[in-house]
Amino acid sequence: MPPTGPEQEKSNRKKRAALIAGISVLVLLLALGLALLLLRGGGGGGGGGAPSPGEGEAQTTESEDEEQEEEGSPTPPPEQAEAGEIPALLFFDEHETPGAAAEGGDGGTGMGGIGVGAGIGGGGGGRPLGTGDVSFRLYWRPPIHDVDLHVIDPNGHRLWFDVKTCPCGGILDRDDRTSGGPENIYWPTGQGPRGTYTYYAHYYEGFGDKEAILEVRKKGKVIKTHRNVLRGVGSITPRYTYTH
């Protein structure tokens, strides 16, 4: 005979207490499991994920310090990295730095600096670059994306990828968009106007920092070289001048 009255109520209370106890144990176990997952995630998170910009720069600077100490020359402070010509990112190896041999021949030989098809640009295509009275070249590393060379002649004419010739004889004969250069603007022999030329590099398209090398050549020989770091799309190097 099933229990009735007080006995039934007592049985129901026991069942409810057992159910509540079971649910409490289950909740406690779930809470402990979640806490363990959070602890593991917090402990291992430091090793993954992309570094913040500040962290990336700090790592780069430390690497540069080690390389510069080995070479015996100090690393310039960060404020100089924003303003002027520095070897901050060290993307170019010493043997492939444009202008390393100022007395080398023209760009077609690869002896004076990089030259056409001699490594960093990869965009040479085997055709010698123009030299003449005066020429300006641009290389960049990493050798991807698009950095543009701009030259303003003594008469105020600006040559760049959108204006490849000017009335006084200037010619842009190489516009590289993906291979790290070289880009080249030159005035053939006897056509270079006398006066002051202004030249600079503009980071046109891509992402990340770029190390840019600007060269000035007179009759094919390197006479000036500038190294700069372009920090992001839209940035430009200082505007340099050369008097011919």
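The exercises below work through strand pairing, a loop residue, a surface patch and two cysteines in a predicted model.

Residues are numbered from 1 along each chain as its sequence is written, and side-chain values use heavy atoms, with hydrogens and water left out. Because the model is predicted, local features need pLDDT of at least 70 and side-chain atom pairs count only at pLDDT 80 or more, whereas totals for chains, interfaces and linings use all residues.

**Exercise 1.** Determine how many bridges join β6 to β2 and to β9, and name a bridge partner in each pairing.

*Solution.* Helices (H or I, at least four residues) and strands (E, at least two) are DSSP runs numbered from the N terminus, and two strands pair if DSSP finds at least two bridges between them. Strand β2 (residues 146–152) runs antiparallel to strand β6 (residues 196–205), and seven bridges join them; here histidine 150 has tyrosine 200, in β6, as its bridge partner. Strand β9 (residues 240–243) is also antiparallel to β6, with four bridges, and tyrosine 199 has its bridge partner in β9, namely tyrosine 240.

**Exercise 2.** Locate isoleucine 236 and list its contacts beyond four places in sequence.

*Solution.* Isoleucine 236 is found in the loop between β8 (221–231) and β9. With a relative accessible area of 38%, isoleucine 236 is partly exposed, on a scale where buried means under 20%, exposed over 50% and partly exposed in between (1.4 Å probe, protein chains only). Counting contact as heavy atoms within 4.5 Å, and leaving aside neighbours within four places in sequence, isoleucine 236 touches Tyr200, Ala201, His202 and Leu230. The C-alpha atoms of isoleucine 236 and tyrosine 200 are separated by 7.0 Å, although these residues are 36 apart along the chain.

**Exercise 3.** Decide whether leucine 29 is buried or exposed, and in which helix it lies.

*Solution.* Leucine 29 lies in helix α1 (residues 6–44). Its relative accessible area of 54% makes leucine 29 exposed. Together with Val25, Leu28 and Leu32, Leu29 forms a nonpolar patch on the surface, and the four have about 390 Å² of accessible area together.

**Exercise 4.** Explain why cysteine 166 and cysteine 168 are not counted as a disulfide.

*Solution.* A disulfide is a covalent bond between the sulfur atoms of two cysteines, and the rule used here asks for a pair of cysteine sulfur atoms within 2.5 Å. The closest cysteine sulfur to that of cysteine 166 is in cysteine 168, at 3.2 Å, and is therefore too far for a bond. By this rule the count comes to zero disulfides. As for accessibility, cysteine 166 counts as buried at 11%, and cysteine 168 counts as buried at 15%.

How values were computed: Patches are made of residues with over 30% relative accessible area and no salt bridge: like charges are joined within 9 Å, nonpolar side chains (Val, Leu, Ile, Met, Phe, Trp, Tyr) within 5 Å. Accessible areas come from the Shrake-Rupley method with a 1.4 Å probe; for residues, only the protein chains shown count as cover. A salt bridge is a side-chain nitrogen of Lys or Arg within 4 Å of a carboxyl oxygen of Asp or Glu.
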